[in-house]
Amino acid sequence: MPDDLKQLLDEVAHEEGFEERLKQEVERLRRELAERERQIAEQAKRIADLERQLALRQQNSTTTSKPPSSDGLAGRQRERGRRTKSRRKPGGQPGHPGHSRPLVPTERANETLDLIPAACRHCQHRLHARDTVGDPRRHQVTELPAIEAHITEYRCHRMVCPACGKTTQASLPDEVEGQFGPQLTALIAYLTVVCRLPRLVVQRLLEGALQIPISLGSTQNAWEEASAAVAAPYEELQAALPAQPVLNADETGHRTNAAKRWLWTLVAPTFVFYTIATSRGSDVLRRLLGATFGGILGSDRLLTYTTYAASQRQYCWSHVTRNLLSAQELARTAAGKRFCREALALQRRLFRLWHRVRGDPRVRGGPITREQLIAKARPLEKAFFALAERSVNVADVDASNLARALFEQHPHFFTFVHEEGVEPTNNVAERALRHAVQWRKISFGNRSEDGERAVARLLTVTRTCQLQQLNVLVYLTAAIRCHRRRQAAASLLPKRPTP
């Protein structure tokens with residue numbers, strides 16, 4: 001075989017082997033590329049999850065339902081005060097109306113002292129009472145009297161009957177069967193419920209300020225007696241719940257001997273009702289309001305309320321606003337951010353109309369009537385519906401869920417526009433829970449079912465008295481006095497006008 005031909009055959013064989021090795025190398029690189037792409041996709045998903053977790057951790061009370069007290073070092077600090085420094089000096093501004101403590105009528109003063117100058121401050125000439133001109137300048141000083149307990153000793157004498165020879169001892173009045181009077185018993189309950197003082201602090205206050213030695217057990221007995229005294233008005237308010245035209249409901253966590261409980265509040269136009277239950281479900285609403293509530297139920301969008309049968313609803317716009325702000329921070333697509341931005345703009349326009357119908361002087365534009373509110377809010381309702389319909393399929397989960405809620409439950413967000421006495425937010429129920437939450441944090445919950453009932457009763461009565469502008473201490477004193485006389489306490493339901 002010629003050498004040239006042999007060399008050519010060797011080169012062809014070499015080329016065929018090279019091509020095979022090249023195919024193997026390409027296949028290996030393709031597998032490596034697929035593996036790298038899979039790893040990159042996993043890392044991208046992990047980064048997105050970590051970014052979401054970080055964004056959720058940095059959220060504060062403006063974008064979640066967390067209380068402002070939780071805006072600590074773990075999250076981004078909530079913006080407070082003005083964004084730009086004001087040029088005004090601190091304090092009252094020139095021309096502002098002054099405020100001062102008004103003088104009580106002269107006949108209300110316990111003591112009146114007339115001060116007459118003895119000599120002229122200019123020439124030191126002696127002055128007499130006959131030189132007085134005009135009305136004197138009145139100056140009143142309010143002071144506490146010497147604080148000491150008023151102790152009454154009752155001596156129950158025995159008498160011997162001349163007819164039968166048996167002995168009869170005088171009975172105590174119903175109001176003084178215990179060691180403490182109705183007003184002191186009511187004060188202990190008042191300090192605990194309204195002032196949120198722990199029982200040990202109440203004991204020290206009574207001993208130090210009022211010079212009344214008392215044990216912790218006695219403060220507990222006073223607390224339980226106050227609870228029993230208001231049992232009848234509490235049950236009366238509970239029975240009146242289903243007939244209310246508007247109710248706002250909310251709930252929060254509670255503890256009884258470290259066991260999980262739920263503190264519920266239902267706010268009516270004229271009273272506030274509390275109860276403690278083992279459930280957070282709609283069974284509590286069915287127990288209190290019946291199978292169906294005939295009025296308007298204001299609440300957040302918790303499944304408990306959405307699954308309960310109510311003739312009309314009003315979902316809380318404060319929750320929606322916080323959810324929109326949160327979804328805007330978490331959104332990663334332009335469509336999701338645009339939905340949140342446009343929804344927030346519509347919400348601001350809607351609330352500007354609401355503040356105008358309420359006559360808020362700080363809002364641009366004059367007051368408007370209910371009919372004007374309905375007419376001006378109708379285009380905003382349609383805009384919300386159209387925006388939600390366009391955004392139900394955005395890629396961002398939070399924005400998509402909000403858009404779906406606005407689209408599917410659209411009428412329940414605008415009940416306040418058409419119905420009198422309905423608020424667009426559930427703030428009235430959240431404010432009712434705030435006092436109870438502060439008390440819970442101080443007292444660490446309850447120890448028994450009797451304690452749960454006492455908390456619900458006393459919270460209901462005291463908050464209702466405050467809503468109706470009644471003196472809480474006076475009402476509790478009267479209720480305890482009636483309880484000791486085996487009588488029912490005064491009703492807290494508004495009296496119907498006589499026809």
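A residue is counted as buried when its relative accessible area is under 20%. By this criterion, 6 of the 8 residues of strand E6 (residues 292–299) are buried in the predicted model, and the strand is therefore largely enclosed by the rest of the structure.

Strand E6 belongs to an open sheet of 5 strands, arranged in the order E5-E4-E3-E6-E7 with mixed pairing. The edges of this sheet are formed by E5 and E7, each of which pairs on one side only. On average, and with direction ignored, neighbouring strands are turned by 30 degrees against each other.

Within the sheet, E6 is joined to strand E3 (residues 246–256) by 3 bridges, and these two strands run parallel. In this pairing, Val246 stands opposite Ile296 of E6. Strand E6 also pairs with strand E7 (residues 309–315), again in the parallel sense, over 6 bridges. Here Ile296 stands opposite Gln312 of E7. Ile296 of E6 thus faces Val246 in one pairing and Gln312 in the other. Elsewhere in the sheet, strand E4 (residues 259–267) and the edge strand E5 are antiparallel and are connected by 6 bridges. Leu263 is placed opposite Ile276 of E5 in this pairing.

The sheet is also contacted by a helix. Helix H13 (residues 427–443) lies across E3, E4 and E5, and runs at about 20 degrees to E3.

Strand E5 (272–277) is, in addition, part of the cover over helix H5. In H5 (residues 231–240), the buried residues are Ala231, Pro233, Tyr234, Leu237 and Ala240. Besides E5, the elements covering these residues include helix H4 (216–229), helix H14 (449–467) and helix H15 (472–484).

A further helix pair was examined for its packing geometry. Helix H2 (residues 182–193) and helix H3 (residues 199–209) pack at an angle of about 135 degrees, and their axes are 10 Å apart. Angles over 145 degrees count as roughly antiparallel and those from 65 to 115 degrees as roughly perpendicular; H2 and H3 are therefore oblique to each other. Their crossing is right-handed. On the H2 side, the contact is made by Leu184, Leu187, Ile188, Leu191 and Thr192, and on the H3 side by Val202, Leu205 and Leu206. Of the residues in this contact, 7 are nonpolar and 1 is polar, with no charged residue present.

Methods. Residues numbered from 1 in each chain as written. Predicted model: local features only at pLDDT ≥ 70, side-chain atom pairs only at ≥ 80, totals over all residues. Heavy atoms only, no water. Axes fitted to C-alpha atoms, helices over the stretch in contact; angles between N-to-C directions. Helix = DSSP H or I, 4+ residues; strand = E, 2+ residues; numbered from the N terminus. Parallel < 35°, antiparallel > 145°, perpendicular 65-115°, else oblique. Left-handed = near helix turned anticlockwise from the far one by under 90°. Contact = heavy atoms within 4.5 Å. Nonpolar A, V, L, I, M, F, W, Y, C, P; charged D, E, K, R; others polar. Buried < 20%, exposed > 50% of the residue type's maximum accessible area, 1.4 Å probe, protein only. Pairing = 2+ DSSP bridges.
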